[in-house]
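This report introduces a structure to a reader who has not met it before. Please keep the sequence and the three-dimensional view at hand while reading.

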Amino acid sequence: MRRLAVFITMVLSAGLAAAAPMGFKGSVMTMGDFGPNWKESWVNYALTARDAIGVGGLSMRSDDGTRTRRLAELNYTRLLKRWNLADAQANVWLFAGVGDIRGNDFGGSKLALAPGVQVDYETTRVYLAATARLYRATDLNHDFASVRAGFSFYEADYDEIQPWIVLEARRMRGLSDKTEITPMLRLIHNRYFVELGVNSTRQARASFMYIF
Amino acid sequence: MNHYSRLLMTVPLSLLMFGSAASSFAATSVKASVNGMVCAFCAQGIERRLSKLPATQAVYVDLKRKVVAVEFKEGQTLDAKTITAEIVDAGYNVTKLETVEQSVAEIKAEMKAKK
């Protein structure tokens, strides 16, 4: 019953997605997400089991390839709430980013703020996540939202590779009018996390996570 | 007593002493039941944090049964508070701790046999 309540909360609070955005206390985690219109990478350090600070870079391009944005940011990640259940885990994450954004259709750079929220629910076979992030600067609004749902065909041991099928839908204001749909193959091992996919406009996507 | 007689007595005595010493150094481990452990990539923190403790000989994570086993080095031990704190710092909750006279290898073999 408690599990069901958490699950319903996660689904209803649709915001929007990736796996845990920070590692364990004292760890350094790096992540990258690469496609033709979206290139993102960052690294963070977990000060505690619930707080991480990091730096990151994001490069965005409009669907027609004419407009670009480059953001360099300092960010803070906070695990606001975690439910460790017998056979599942659910989380609410908060993000706060501040940085410098540049574009090819305006001069110089602007101060950008990038707050966000993510909720996720995961068992050894099912994964659901929703992430929302605002990318705001003077006269710029590139708010971002994504939802993800995935499943694994079977449970795997800790030292085995576990394949998942994940479907992601994401959307960003200002640079694209489309909702990008990407089916992905996710491979999880106790040392790495990799996703490979092709989106609805036949563009390849790849992302990874690694904890040092 | 000639050389061969001494040898014949020494060998069984040595084996007896070795056997006795080996049994007194039987491996001790703690098995922790852990809530929230659903993903190997995320649970690596448990293994890494526990492995860094000076008294740790070996760590085993069983994702399906949500069990973490920590074997101690000979003559050393870890208290429940330390083990629980490391698992909590990795992001998980401990629901039960149990000390067993088994090595991690034996626990792993036992759990794999049950699957």
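## The sheet of chain B

Strand 1 and strand 3 of chain B form an antiparallel pair over 5 bridges; two strands count as paired if DSSP finds at least two bridges between them. This is a predicted model, in which local features need pLDDT of at least 70 and side-chain atom pairs count only at pLDDT 80 or more, while totals for chains, interfaces and linings use all residues. Residues are numbered from 1 along each chain as its sequence is written, and chains are lettered from A and ligands numbered from 1 in the order in which they are written. Helices (H or I, at least four residues) and strands (E, at least two) are DSSP runs, numbered from the N terminus.

One bridge joins B:Ser33 to its partner B:Val67 in strand 3 of chain B. Helix 3 of chain B packs on the sheet, where it touches strand 1, strand 3 and strand 4 of chain B, and its direction makes about 140° with that of strand 4 of chain B. Helix 4 (residues 104-114) of chain B also packs on the sheet, touching strand 1, strand 2 and strand 3 of chain B, and its direction makes about 15° with that of strand 2 of chain B. For these angles, axes are lines fitted to C-alpha atoms, for helices over the stretch in contact, and angles run from 0 to 180 degrees between N-to-C directions.

The sheet is open and has 4 strands, in the order 2-3-1-4 (chain B), with antiparallel pairing. Its edge strands are strand 2 and strand 4 of chain B, each of which pairs on one side only. From one strand to the next, the twist averages 20°. Strands of a sheet pair through backbone hydrogen bonds, either parallel or antiparallel.

## Overall build of chain B

Chain B contains 4 helices and 4 strands, and from the N terminus on its elements run α-β-α-β-β-α-β-α. Of its 115 residues, 32% are buried. A residue is buried if 20 or more other C-beta atoms lie within 10 Å of its own, exposed if 12 or fewer, and partly exposed in between, with C-beta atoms placed from the backbone. Among contacts in chain B between residues at least 6 apart in sequence, 68% join residues at least 24 apart; a contact requires C-beta atoms, placed from the backbone, within 7 Å.

## Helix 3 and the nonpolar core

The buried residues B:Ile83, B:Glu86 and B:Ile87 belong to helix 3 of chain B. Seen down the helix axis, the buried residues of helix 3 of chain B fall within an arc of 95°, so they line one face of the helix; the arc is that of the directions from the helix axis to the C-beta atoms. These residues pack against strand 1, helix 2, strand 3 and strand 4 (93-100) of chain B. After helix 3 of chain B comes B:Gly91, with a positive phi near 110°.

The largest nonpolar core has 35 residues, and those with the most contacts inside it are B:Ala43, B:Ile46, B:Val68 and B:Ile87. A nonpolar core is a set of buried Ala, Val, Leu, Ile, Met, Phe, Trp, Tyr and Cys residues joined through C-beta atoms within 7 Å. Helix 2 of chain B gives the most to this core, with 6 residues. Leaving aside residues up to four places away in sequence, B:Ile87 touches B:Ala32, B:Val34, B:Ile46, B:Val68, B:Tyr92 and B:Val94. Another core, of 14 residues, lies apart from the largest one and includes A:Trp38, A:Ala112, A:Phe144 and A:Met172.

## The contact between the chains

In the contact between the chains, 21 residues of chain B meet 26 residues of chain A. The largest share of the side of chain B that touches chain A, 7 residues, comes from helix 2 of chain B.

## Loop residues

Three loop residues are set side by side below.

| Residue | Loop | C-beta neighbours within 10 Å |
|---|---|---|
| A:Thr66 | between strand 3 (51-61) and strand 4 (68-84) of chain A | 10, exposed |
| A:Asp139 | between strand 9 (136-137) and strand 10 (140-141) of chain A | 7, exposed |
| B:Lys66 | between strand 2 and strand 3 of chain B | 21, buried |

A:Asp139 has a positive phi of about 65° although it is not a glycine, and phi of B:Lys66 is near 60°, also positive in a residue other than glycine.

Definitions and conventions. Contact = placed C-beta atoms within 7 Å.
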